[in-house]
Each structure stands twice: as structure tokens, then as C-alpha cells.
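User: Could you take a close look at one part of this model for me, the place where the two domains meet? A few words on any odd backbone spots would be welcome too.

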Amino acid sequence: MIVLFDLAMQSGSRPSPFCWRAKLALKHKNLAFEARATAFSQIRSLGDGSFKTLPIVDDDGRWTGGSRSIAEYLESHYEDAATLFPHDPQRLFANFVESWVDTTLHPQIFPLVACAIWECLPAPEKAYFRQTREIRLGTTLEDARDRSLLKISDLRASFGPMRRILKTQPFLAGENAAYADYIVFGALKWQRLVCRTPLLDASDAIQAWYARVDNFAPTED
Ligand SMILES: N[C@@H](CCC(=O)N[C@@H](CS)C(=O)NCC(=O)O)C(=O)O
């Protein structure tokens, strides 16, 4: 069976947005898999030791790391299963969505959720996370969160391009969800699993889209 190494919190919760992309890609392909709880400190012991981040997949000895490489691996090795990139053979649309999420949504969500992630981590992982993330943020986790809370309306506004697309179709990828949807879903699921306050207003059209994808998503662990 395929094993997906999935970042786990102390409670067993699995918030990593990149791992969600991979879990949804596996589900989309209808492949049986085990999402195995993994800590940051275990990453270097996986595969040939060259991986630095999660998700990582072990498909019967074929190891792949990185959410997009995993999606491409699944697409080429399981080509008879439903495609992750419908109407997008050259990945032009998926590339744009990935780029939008990685450069616009994640940089706004990360400072908002980083402190909450730190609170959820197993005790031995906390110092590593605080040290590396405070360097990345250029401030403390608490200060980053407090500043982000003041700018939450900017973050909500950043979903504008998606709201416009959802006025004419149910999913970013068209009539059915596919990899482009899973990229955005991962970002929202990440926030939802570690913060109590919902990011988007209840009336936001993206909430209905989120519920549709969440309905299809594998259960958390
Ligand atoms: N580009 C990678 C990014 C993955 C990533 O940053 N994963 C984080 C968890 S959300 C991680 O494993 N970080 C390892 C670390 O900070 O030590 C992907 O798309 O999979």
C-alpha cells in the first residue's frame, strides 16, 4: 500500500497544506493509502535521507517528495485513474493556481497560523519550529499573529479571483474538483485545523466550495 508521510500535531491532527494536496490527489486517483503520522524531526530518516519537507510518498519502494512531484508521479504512474489536471495537459492553469496560492495566500496565512501550529506541536518539536519560523517571519510567532489579525480583511480580499470563477462554475477545475482545487483547499484546511476562528465569512461563496471539497476529502487521519 502507498504510504504518505503526513505532518502530525500532538493531538494527531494533520494540518499541513502541502500534505492535504497530496492526500486529495491520492483520493482523486482512488488509491488506497496510509497517511502515516510524521514529525519534522523524522523527515531526514525517510527514504534515502535527502528529503527536507513533507509530504513524502513511498509507493512500494518508489519514493517521491514534494506535493507537486507527488501529483505528477501519481498522474504518470496511475494514468488510467481520473486525471488530476482535466483540460490542462500542459498544467498551465494548475501552475497559475499553485503560484497564486504559494505567493499570495500562504504568505498571508502562515503568519496568522504559525503560533497556533507551535501550540499544537509535540513538545520536542516546538523549539525547532519556533526557531526556524521566527527567522522566516522576522519576528516572534505571537507578534506575527497579532499583526496578521489586523490585516485579515486583506487576506479575505485575496480570494477575489476565485470568487469570480465560482460564479460560473462549481470548481476551479470546472464541473468537478481536481488538483487546482486541492491546492486552495489545503490552504484553508490548514487554517481551519489550527485556528478556531473561521477565515472566511459564513456568506462567502468560497465556503460552499470548501464544503464540497471537504466532503470528498479523506478523514483527517
Ligand atoms: N514545496 C514543498 C513544501 C512542503 C513544506 O514546506 N512542508 C513543510 C510542512 S507544511 C515541511 O515539511 N517543513 C519541514 C521543516 O520545516 O523542517 C511541497 O510542495 O511539498
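Analyst: Sure. First, residues are numbered from 1 along each chain as its sequence is written. This is a predicted model, where local features need pLDDT of at least 70 and side-chain atom pairs count only at pLDDT 80 or more, while totals for chains, interfaces and linings use all residues.

The chain is assigned domain 1 (2-77) and domain 2 (92-216), with bounds that come from an automatic or database domain assignment. Taken over C-alpha atoms, the centres of domain 1 and domain 2 are 19 Å apart. Where they meet, 19 residues of domain 1 are in contact with 21 residues of domain 2 (contact: C-beta atoms, placed from the backbone, within 7 Å). On the domain 1 side, α1 (17-28) and α2 are the elements that give two or more residues, and α1 has the largest share, with eight residues. Helices here are DSSP runs of H or I with at least four residues, strands are runs of E with at least two, and both are numbered from the N terminus. That side of domain 1 divides into 10 nonpolar, six polar and three charged residues (nonpolar: Ala, Val, Leu, Ile, Met, Phe, Trp, Tyr, Cys and Pro; charged: Asp, Glu, Lys and Arg; polar: the others, Gly among them).

Now the backbone. Histidine 87 sits in the loop between α2 (67-77) and α3 (92-120), and its phi is near 55 degrees, a positive value in a residue other than glycine. Elsewhere, the peptide bond from leucine 54 to proline 55 is cis, with omega near 10 degrees, and proline 55 is in the loop between β2 (33-38) and β3 (56-59).

Methods:
Two residues are in contact if their C-beta atoms, placed from the backbone, lie within 7 Å.
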